[in-house]
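Q: I would like to go through this model with you. Could you take my questions one at a time?

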Amino acid sequence: MNRRRYLAGIGGGLAALVGATAVADATRADIAADGALHRPSGAPVETTKTVDADAVTYLPDRDAVREDGGTEPFGEWVRWTAFEHAAERVVPTVEDRLDEPDAGLGRGIRSLVFGLVVTVDYGTTRNRDGEVVSEPTVPLDRVLSVAPRTVTVTVELDGRSTVREVPVAVEETATQYLDG
């Protein structure tokens with residue numbers, strides 16, 4: 001194989017990979033592939049997280065952040081901060097839209113094939129006899145209709161701000177006690 005064909009093959013392969021990754025990220029096929037996860041259809045949410053510069057230090061010469069004695073690259077710190085803040089905001093947003101102050105929903109962050117996703121946890125718990133002992137107070141389809149599809153988080157630190165769009169999924173779980 002000559003060099004030109006080899007380079008063209010590699011270039012084409014990389015272009016296909018980038019294109020496939022962009023499409024997968026936009027559609028979040030990894031969410032659809034997980035039987036417990038559902039994509040909600042509610043309006044997106046925008047929020048801002050302003051971080052106290054006394055607790056966190058931006059290191060401009062290294063484009064890094066020092067927090068709790070550790071240092072990490074600014075981009076990675078922003079990513080985690082955005083996902084944590086989105087997870088904090090998603091359940092109150094759903095409960096507000098449902099006009100249900102304590103709907104019995106949880107929250108989380110999951111790592112999937114195409115990256116992290118914030119979850120609204122819709123869990124049912126049964127005792128050993130199969131009787132429901134706890135469940136959300138609203139039907140799953142209502143949660144899916146109002147939960148935001150994305151949360152756009154603006155993270156602010158030391159005069160610098162970065163915007164991250166965080167995908168959301170509703171995770172349906174069922175747990176049953178084996179004892180008692």
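A: The exchange below takes up confidence, the sheet, the helix packing and the aromatic residues in turn.

Q: To begin, what kind of model is this, and what does the protein average in pLDDT?
A: This is a predicted model. The protein averages a pLDDT of 86, and 84% of the residues score at least 70.

Q: Where is confidence lowest, and where is it highest?
A: Confidence is lowest in helix α1, residues 3-27, where the mean is 53. It is highest in helix α4, residues 140-146, at 97.

Q: Over which residues does pLDDT stay under 50?
A: That applies to residues 18-26. For this stretch the model has 3 contacts beyond four places in sequence.

Q: Turning to the sheet: what is the order of its strands?
A: The order is β3-β4-β5, in an open sheet of 3 strands with antiparallel pairing. Strands β3 (56-59) and β5 (70-73) each have a single partner strand and stand at the edges, so one side of each is left without a neighbour in the sheet. On average, neighbouring strands are turned by 25° against each other, direction ignored.

Q: Over how many bridges do β3 and β4 pair?
A: Strand β3 and strand β4, the latter made of residues 64-67, pair over 4 bridges in the antiparallel sense. Within this pairing, Leu59 stands opposite Ala64, and Thr57 stands opposite Arg66.

Q: How many residues lie between the strands of that hairpin?
A: There are 4 residues between β3 and β4. In the turn, Asp63 has a positive phi of about 45°.

Q: And β4 with β5, over how many bridges do they pair?
A: Strands β4 and β5 pair over 4 bridges, in the antiparallel sense. Here Arg66 stands opposite Thr71 in β5. The hairpin of β4 and β5 has 2 residues between the strands, and Asp68 takes a positive phi near 50°.

Q: Which strand residues does Arg66 face, then?
A: Arg66 in β4 faces Thr57 and also Thr71 in β5.

Q: Which helix packs on the sheet?
A: Helix α3, residues 74-98, packs on the sheet and touches β3, β4 and β5. The direction of the helix makes about 95° with that of β5.

Q: Staying with that helix, is Thr81 buried or exposed?
A: Thr81, which is located in helix α3, counts as buried at 9% relative accessibility. Leaving aside residues up to four places away in sequence, Thr81 touches Lys49, Val51 and Val155.

Q: And Thr93, buried or exposed?
A: Thr93 also belongs to helix α3. Its relative accessible area is 12%, so it falls under the 20% limit and is buried. With residues up to four places away in sequence not counted, Thr93 touches Val45 and Pro148.

Q: Next, the aromatic residues. How many aromatic pairs are there?
A: The count comes to 2 aromatic pairs. In one of them, Tyr58 and Phe74 are edge-to-face, with 5.3 Å centre to centre and 75° between the planes. This pair links distant parts of the chain, as Tyr58 is in strand β3 and Phe74 is in helix α3, 16 residues apart. Both Tyr58 and Phe74 are buried.

Q: Why is the pair of Phe74 and Trp77 called tilted?
A: The ring planes of Phe74 and Trp77 stand at 35°, which is neither under 30 degrees nor over 60, so the pair is tilted. The ring centres of Phe74 and Trp77 are 6.1 Å apart. Phe74 and Trp77 are 3 residues apart in helix α3, which means that about one helical turn separates them. Trp77 is buried, as is Phe74.

Q: Which residues form the aromatic cluster?
A: Tyr58, Phe74 and Trp77 form one aromatic cluster.

Q: Which charged end sits over the ring of Phe74?
A: It is that of Arg160, at 3.8 Å from the centre of the Phe74 ring.

Q: One last topic: where does Gly35 lie, and is it buried or exposed?
A: Gly35 lies in the loop between α2 (29-33) and β1 (37-38). With a relative accessible area of 71%, Gly35 is exposed.

Q: How far is the C-alpha atom of Gly35 from that of Glu171?
A: The two C-alpha atoms are separated by 9.0 Å, while Gly35 and Glu171 are 136 residues apart along the chain.

Terms used
Residues numbered from 1 in each chain as written. Predicted model: local features only at pLDDT ≥ 70, side-chain atom pairs only at ≥ 80, totals over all residues. Heavy atoms only, no water. Pairing = 2+ DSSP bridges. Axes fitted to C-alpha atoms, helices over the stretch in contact; angles between N-to-C directions. Contact = heavy atoms within 4.5 Å. Buried < 20%, exposed > 50% of the residue type's maximum accessible area, 1.4 Å probe, protein only. Phe/Tyr/Trp six-rings, centres within 6.5 Å; stacked < 30°, edge-to-face > 60°. Lys NZ or Arg CZ within 6 Å of the ring centre and 35° of its normal. pLDDT = per-residue confidence, 0-100.
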